[in-house]
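Trainee: Could you take a close look at the cysteines for me? I'd like to know how many disulfides there are, and what surrounds the part they sit in.

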Amino acid sequence: KGFSISFQVAESNVTIPTIGIHNMENALACMAAAHHVGLSVQACADALAHYEGIYRRHQCLYNRNGIIVIDDYAHNPAKIAASIKACQPIAHQLIAWFQPHGYGPTRFIRHELVHEIASALRPQDSIWMSEIYYAGGTAVKDISANDLIKDLQLLGIDAHFEEDRKRLFEKLIPTLTPDTVLLLMGARDPGLEKFAHEVVDLLQEK
């Protein structure tokens, strides 16, 4: 339900103020470990009710007029798929944006990432990518984020590439409609936090 997950362990009702089935699974593992060393299930439930989340893990930056912006550190195939699936129950439409990092890592995960994204997205969802983040060095620049987008398009996915992320969101923000979650994903780039807040500023000016 929105930004909370509810489940039952033994006879205790547990509610966590976060999203994603994987977070429920992590909470269950924590409860099992805590119970093993003597804590009661209810004590665990009471603690989880006040869970505040982790920086850049499904961090909600904006929630107004039916539009939600979530910033997430997801950067490998499994985490990106989990992040997409976690956000889908929040709104009818999900628009995901991902900035890959490193030419070697992107080349290595290309096929798995395309498969995971294609499997996770619903027909009404879309995925956007900006160019690979380059941190310097002697990397061979023989792959582009657009190559992944083309792979996704061949699978019938609503996928788009815009090299300049700022230009992308300047075009995208005016088209957003209520009941939409905008999911920003990426890692390693130290400018991602500032960029996420710039996206929010664009929304507030809309």
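Mentor: Let's go through the cysteines, then a helix, then a bit of surface. Keep in mind that this is a predicted model. The disulfide count here comes to 0. A pair only counts if its sulfur atoms are within 2.5 Å, so let's see how that plays out for two of the cysteines.

Take Cys44: its closest cysteine sulfur belongs to Cys30 and lies 8.8 Å away, which is too far for a bond. Cys44 is also buried, with a relative accessible area of 7%. Cys87 isn't in a disulfide either: the nearest cysteine sulfur there is that of Cys60, at 9.3 Å. Cys87 is buried as well, and its relative accessible area is 0%.

Cys87 brings us to helix α3, which spans residues 77–87 and counts Cys87 among its buried residues. The others on that list are Pro77, Ile80, Ala81, Ser83, Ile84 and Ala86. What covers them? The cover includes the helices α1 (21–36) and α4 (103–120), along with the strands β4 (67–72), β5 (93–99) and β8 (180–186).

Now for the surface. Tyr51, Ile54 and Tyr55 make a nonpolar patch of about 310 Å². Of these, Tyr51 sits in the loop between α2 (41–48) and β3 (59–64). Tyr51 has 31% relative accessibility, so this residue counts as partly exposed, and the cut-off for joining a patch is over 30%.

Definitions and conventions
Residues are numbered from 1 along each chain as its sequence is written. This is a predicted model: local features need pLDDT of at least 70, side-chain atom pairs count only at pLDDT 80 or more; totals for chains, interfaces and linings use all residues. Side-chain values use heavy atoms; hydrogens and water are left out. Buried means under 20% relative accessible area, exposed over 50%, partly exposed in between (1.4 Å probe, protein chains only). Patches are made of residues with over 30% relative accessible area and no salt bridge: like charges are joined within 9 Å, nonpolar side chains (Val, Leu, Ile, Met, Phe, Trp, Tyr) within 5 Å. Accessible areas come from the Shrake-Rupley method with a 1.4 Å probe; for residues, only the protein chains shown count as cover. A salt bridge is a side-chain nitrogen of Lys or Arg within 4 Å of a carboxyl oxygen of Asp or Glu. Helices (H or I, at least four residues) and strands (E, at least two) are DSSP runs, numbered from the N terminus. Contact means heavy atoms within 4.5 Å.
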